[in-house]
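Trainee: I should like to learn how to read the burial pattern of a helix and its setting in a fold. May we work through an example together?

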Amino acid sequence: MEETQKITGKNLIMCEGLDEKLFLCYYLNSEERINEDPRYSTDVYVFDYGGIKDLKKQLKTIRSVPGFHDIKTLLILRDAEKDVQGAINQVKKDLENTNFSVPEGVGEWSETGNPRTAFMFFPVL
């Protein structure tokens with residue numbers, strides 16, 4: 001994460017890649033979502049953590065970014081590539097090795113931790 005960045009909002013989404021970030025920002029700020037719940041445009045901060053191998057490094061440094069200690073939830077979104085179980089194991093290992101709470105499975109929030117964590121995967125097309 002760049003030194004000049006500041007996390008805004010109470011919910012952080014860390015995603016793999018600029019395309020995913022742009023999609024999420026567009027969706028969360030779409031007129032339909034804002035009319036449904038205006039908090040989407042201000043309560044969610046989307047961060048592109050780079051590639052699969054960059055997640056652990058970014059998780060190690062994210063706590064030092066201004067605004068991090070105000071977030072309540074951290075969602076990790078990445079590609080599963082060709083090995084879904086391997087991707088699950090890697091995300092869990094990266095969370096554990098960087099002292100974040102580890103959810104039981106895909107799409108589930110951790111029971112404890114500040115922030116609570118979850119992870120999901122983009123489908124391979």
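Trainee: Which residues of α5 are buried?

Mentor: In this predicted model, the buried residues of α5 are Ala-87, Ile-88, Val-91, Asp-94 and Leu-95. They span an arc of only 135 degrees around the axis, which places them on the same side of α5.

Trainee: What is the general idea behind such spacing?

Mentor: An α-helix has 3.6 residues a turn, so residues three or four places apart point the same way.

Trainee: What covers the buried residues of α5?

Mentor: The cover includes α4, β3 and β4. Helix α5, residues 84-97, packs on the sheet and touches β3 and β4, and its direction makes about 155 degrees with that of β4. Helix α4, residues 55-62, lies across β1, β2 and β3 and runs at about 155 degrees to β1.

Trainee: How many angstroms should α5 span, and what separation do its end C-alpha atoms show?

Mentor: With 14 residues at 1.5 Å a residue, α5 should span 20 Å; the end C-alpha atoms are 20 Å apart, so the two values agree. Just after α5, Asn-99 adopts a positive phi of about 65 degrees.

Trainee: In what order do the strands of the sheet lie?

Mentor: The open sheet has four strands in the order β2-β1-β3-β4, with parallel pairing. Its edge strands are β2 (44-48) and β4 (116-122), each of which pairs on one side only. The twist from one strand to the next averages 20 degrees.

Trainee: How many bridges join β3 and β4?

Mentor: Seven bridges link β3, residues 73-79, to β4 in the parallel sense. Arg-78 has Phe-121 as its bridge partner in β4.

Notes. Residues are numbered from 1 along each chain as its sequence is written. This is a predicted model: local features need pLDDT of at least 70, side-chain atom pairs count only at pLDDT 80 or more; totals for chains, interfaces and linings use all residues. Side-chain values use heavy atoms; hydrogens and water are left out. Two strands pair if DSSP finds at least two bridges between them. Helices (H or I, at least four residues) and strands (E, at least two) are DSSP runs, numbered from the N terminus. Axes are lines fitted to C-alpha atoms, for helices over the stretch in contact, and angles run from 0 to 180 degrees between N-to-C directions. Contact means heavy atoms within 4.5 Å. The expected span of a helix is 1.5 Å times one less than its number of residues. Buried means under 20% relative accessible area, exposed over 50%, partly exposed in between (1.4 Å probe, protein chains only). The arc is that of the directions from the helix axis to the C-beta atoms.
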